[in-house]
Amino acid sequence: YKTDNYGKSWHNISRGLPDQPVMVVREDPHHKGLLIAGTMTGLWYSHDDGGHWQQLKANFPTTAVVDLKFVRHDLVVATHGRGAFILDNIRPLEEMDSAVARQSFHLFSPSMGTQFVRWYRGEGAEPSYAAPNAPDGPTLDYYLKTKIKASSAEKAKHHTPVKIVITDSNGNPVATKYGPAKQGVNRFVWNMRYDGSKQLDFEKVPGFMSDYTPSGPSVLPGTYDVTVTADGKTGHTKVSVRSDPNQKLSVAVMRTDLKLALKVRNETSAFNEMLNRIVVMQNTLATFKKAASGDDSQRAQYAAALKQAKALDKKLTDLKNSVYNPDLQHMAIEDSLHWLSRLNGQIGALDYIADLQNQEPTKPILTTVNEISTKLDAVLSKFNGMLSSDVPAYNKTAYKLGAPTLMVGNPIKIKPVKL
């Protein structure tokens, strides 16, 4: 029962509640009229000050709830026999109403992200019994009236139908992500990092680390713009990121680290793009050489193109092998110990720069980065030179003879860092 006149009169507010003892009732301090009740069999909530109740599941177990406490926009739940639970960021529950439920898509208010500095012992030395931590990054919650199925093109790219684009306060791109698309309330947690470098799209093998995609460096503390698009509808919001309040961090050092990490990321992307394009060209040339070598008449017809194709393929192969060891099992752990590192391995070894955190780059680090940058500039210059000479020369001959041509594309340039 409920009273709003200090007990002079009471009225029944049990509509929808189970026929069992209610142990505790609390009102959300951020949303008047939102009541949470703890019963002997779980949680129940009401949006209309107790007029109607419905069960709050969200994977919560069937157990006796003896106390509740709202902390910021989290709900702390004390149970009998099942420990304590925290429902992180209940803003979707606070903001959900009949108007939202009628929409095909709705974006709720996000939570703040905190860049906690945690130390992991690793190698299986973590405690045996530990509850999961709350998500560090901002939680982006959105409502979909119906489930959205991914298109064939989205499936091919391993994308979902929900696109999430994050930019900084100057409009510079930070990250593009894809969130779940189930019916009801969906949650995506941003890891507060930039997108990683462009990856190689060849020589992928199934199994361990086959789908591993490294993230980019951590963003700076501040406010970021978020655009979520689903089912032809778009929602906009802003998220805040703060640094670990337990640490004394220098924003100036963090900015220096970020600039260097983004420079390395962009150089890695350019390098991998070059390798991807080389492999595509090699595959096209290999297919042509095999098809044109079937009989004497074909060999005679395509003789000029075959000669140029073989010469160009050798140049491409020599360039690729000089920076990417063909004998190395690139997806096998520690197989690189058998070989001296080539440019591919040297660039990959710079991943640690993305996690310098509050350590300013040392002189050896800067020297190493500059040495690798110089090597990369020379390799890209050689490849771009082939794009402007060898490839067009082959294409001209191939076009005249009706042989397959190669896509030239623009010269590869390393993108400048924008902050």
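The following paragraphs describe strand pairing, aromatic pairs, selected residue contacts and a helix packing in a predicted model.

Four strands make up an open sheet, in which the order is β1-β2-β3-β4 and the pairing is antiparallel. The edges of this sheet are occupied by β1 (22-27) and β4 (54-56), and because each of them has a single partner strand, one side of each is left without a neighbour in the sheet. On average, and with direction ignored, neighbouring strands of the sheet are turned by 30° against each other. Within the sheet, strand β2 (residues 35-39) and strand β3 (residues 42-46) run antiparallel and are joined by five bridges, and Thr-39 has Gly-42 in β3 as its bridge partner.

Antiparallel pairing is also found for strand β11 (residues 162-167), which is joined to strand β12 (residues 173-179) by six bridges. One of the residues involved is Thr-167, whose bridge partner in β12 is Pro-173. The strands β11 and β12 form a hairpin with five residues between them, and in the turn Gly-171 adopts a positive phi of about 85°. Strand β11 is further joined to β14 by five bridges, again with the two strands running antiparallel; here the bridge partner of Ile-164 is Val-228 in β14.

Strand β14 also contributes to an aromatic pair, since Tyr-224 lies in this strand, whereas its partner Trp-190 lies in the loop between β13 (184-189) and β14 (222-230). A pair of aromatic rings is described by the distance of the centres and the angle of the planes. For Trp-190 and Tyr-224 the ring centres are 5.7 Å apart and the planes stand at 70°, so the pair is edge-to-face, an angle over 60 degrees being the cut-off for this class. The two residues are 34 residues apart, and the pair thus links distant parts of the chain. Both Trp-190 and Tyr-224 are buried. The model has six aromatic pairs in total, and Phe-288, Tyr-302 and Tyr-394 form one aromatic cluster.

Two residues of helix α4 (residues 251-291) were examined individually, beginning with Lys-263. With a relative accessibility of 27%, Lys-263 counts as partly exposed. When neighbours within four places in sequence are left aside, Lys-263 is in contact with Val-369, Ser-373 and Val-417. Of these partners, Val-417 is 154 residues away along the chain, yet its C-alpha atom is separated from that of Lys-263 by 6.2 Å. The second residue, Ser-269, is likewise found in helix α4, but its relative accessibility of 17% means that Ser-269 counts as buried. Apart from neighbours within four places in sequence, the contacts of Ser-269 are with Ser-197 and Lys-198.

Two packed helices are described by the angle between their axes and the distance between the axes. Helix α8 (residues 363-388) packs with helix α9 (residues 390-401) at an angle of about 25°, and the axes are 3 Å apart. Because angles under 35 degrees count as roughly parallel, this makes α8 roughly parallel to α9. On the side of α8, the residues that meet the other helix are Gly-385, Met-386, Leu-387 and Ser-388, while α9 contributes Asp-390, Val-391 and Pro-392. Divided by class, the contact between α8 and α9 comprises four nonpolar, two polar and one charged residues.

How values were computed: Residues numbered from 1 in each chain as written. Predicted model: local features only at pLDDT ≥ 70, side-chain atom pairs only at ≥ 80, totals over all residues. Heavy atoms only, no water. Axes fitted to C-alpha atoms, helices over the stretch in contact; angles between N-to-C directions. Parallel < 35°, antiparallel > 145°, perpendicular 65-115°, else oblique. Contact = heavy atoms within 4.5 Å. Nonpolar A, V, L, I, M, F, W, Y, C, P; charged D, E, K, R; others polar. Pairing = 2+ DSSP bridges. Phe/Tyr/Trp six-rings, centres within 6.5 Å; stacked < 30°, edge-to-face > 60°. Buried < 20%, exposed > 50% of the residue type's maximum accessible area, 1.4 Å probe, protein only.
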